Amino acid sequence: THMLEMTECYVGNGEKQVITLSDSSTVFLNSGTLLIYPKEFTGRNRTVYLSGEAIFDVARDPAHPFIVSTTDFSVKVHGTLFNVSSYPDAESATTTLKEGSVSVTAHGMEEYLLSPNQTLSYSKETRKVTVEQTSVDDAFGWKDGQLCFKSSSIHSIVKSIERYYGVRVYLTTGKYDSE
């Protein structure tokens, strides 16, 4: 059997990067993100491994499904534009679909098919999955330097700011802890 040659791309805090895969799909990597992908896609599936956050603009190839695998869930792509956020230190992992369609399978759970403008959230603590209509621009804004937080905990906001700018933020009050 042919050994698949894998490439690792790590984007540090305060940085962003765009890479093009061998099938001409484009991936925008957010700060603090690791993407592992084959130098050349061979075989049935086009599988990449993500830890962190990225926007995928996937080249259409129905014969070879594109799969984004994270520790929280895997996203199977049917030719499309979508955002995946699965940071190891975050409370939940999300997928937001802009165009096309994707199906998301959290480990050992049923498959969820997303329509455009929907976000799937997977809570790591409760292992609950929720799907809701969403403002796509919020999920994609980081690519253009915009950070949007809606009902996020202060701790997850601080983490995002730390990653995005590559800084340390110290919260000197405990008054938000009960949220």
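**Notes on the predicted model**

1. Leu4 sits in the segment before β1 (6-11). This is a predicted model, and the points below should be read that way. Leu4 has 35% relative accessibility, so this residue counts as partly exposed.

2. Leu4 does not stand alone. Together with Met6 and Tyr49, Leu4 makes a nonpolar surface patch of about 260 Å². Tyr49 also has a place in the strand pairing: Tyr49 stands opposite Ser69 in β6.

3. That brings in the β5 and β6 pairing. Strand β5 covers residues 46-57 and strand β6 covers residues 66-69. The two run parallel and are joined by four bridges.

4. On to β6 and β7. Here the pairing is antiparallel, again over four bridges. The two strands form a hairpin, with three residues between them. One facing position to check in the viewer is Ile67, which stands opposite Lys76 in β7. So β6 has two partners to look at: β5 in the parallel sense and β7 in the antiparallel sense.

5. Now the aromatic rings. The count comes to four aromatic pairs. Phe73 and Tyr122 form one of them. Their ring centres are 6.5 Å apart, and the planes meet at 75°. The pair is edge-to-face because the angle between the planes is over 60 degrees.

6. What does this pair link? Phe73 and Tyr122 link distant parts of the chain, 49 residues apart. Phe73 belongs to strand β7 (residues 73-77), and Tyr122 to strand β12 (residues 118-123). Both ends are buried. Phe73 has a relative accessibility of 0%. Tyr122 has a relative accessible area of 5%. Each counts as buried because the cut-off is under 20%.

7. A cluster of rings also deserves a look. Phe41, Phe56, Phe66 and Phe82 are linked into it by ring pairs.

8. Leu113 is a nonpolar residue to inspect. Its place is strand β11 (residues 111-114). Is Leu113 buried or exposed? Leu113 counts as exposed, at 60% relative accessibility. The cut-off for that class is over 50%.

9. Leu113 still has contacts. Leaving out residues up to four places away in sequence, Leu113 touches His78, Val102, Ser103 and Gln118. His64 is another reference point: Leu113 and His64 are 49 residues apart along the chain, and their C-alpha atoms are separated by 18 Å.

10. Two backbone angles deserve a check. Most residues other than glycine have a negative phi. Asn117 has a positive value, with phi near 70°. Asn117 lies in the loop between β11 and β12. With a relative accessible area of 34%, Asn117 is partly exposed.

11. Arg127 is the other residue to check. Phi of Arg127 is positive, about 60°, although Arg127 is not a glycine. Arg127 is found in the loop between β12 and β13 (129-133). With a relative accessible area of 54%, Arg127 is exposed.

12. In brief, for the viewer: start with the β6 and β7 hairpin. Then turn to the Phe73 and Tyr122 pair. Finish with the positive phi values at Asn117 and Arg127.

Conventions:
Residues are numbered from 1 along each chain as its sequence is written. This is a predicted model: local features need pLDDT of at least 70, side-chain atom pairs count only at pLDDT 80 or more; totals for chains, interfaces and linings use all residues. Side-chain values use heavy atoms; hydrogens and water are left out. Rings of Phe, Tyr and Trp (its six-membered ring) pair if their centres lie within 6.5 Å; planes under 30 degrees apart count as stacked, over 60 as edge-to-face and the rest as tilted. Buried means under 20% relative accessible area, exposed over 50%, partly exposed in between (1.4 Å probe, protein chains only). Contact means heavy atoms within 4.5 Å. Two strands pair if DSSP finds at least two bridges between them. Patches are made of residues with over 30% relative accessible area and no salt bridge: like charges are joined within 9 Å, nonpolar side chains (Val, Leu, Ile, Met, Phe, Trp, Tyr) within 5 Å. Accessible areas come from the Shrake-Rupley method with a 1.4 Å probe; for residues, only the protein chains shown count as cover. A salt bridge is a side-chain nitrogen of Lys or Arg within 4 Å of a carboxyl oxygen of Asp or Glu.
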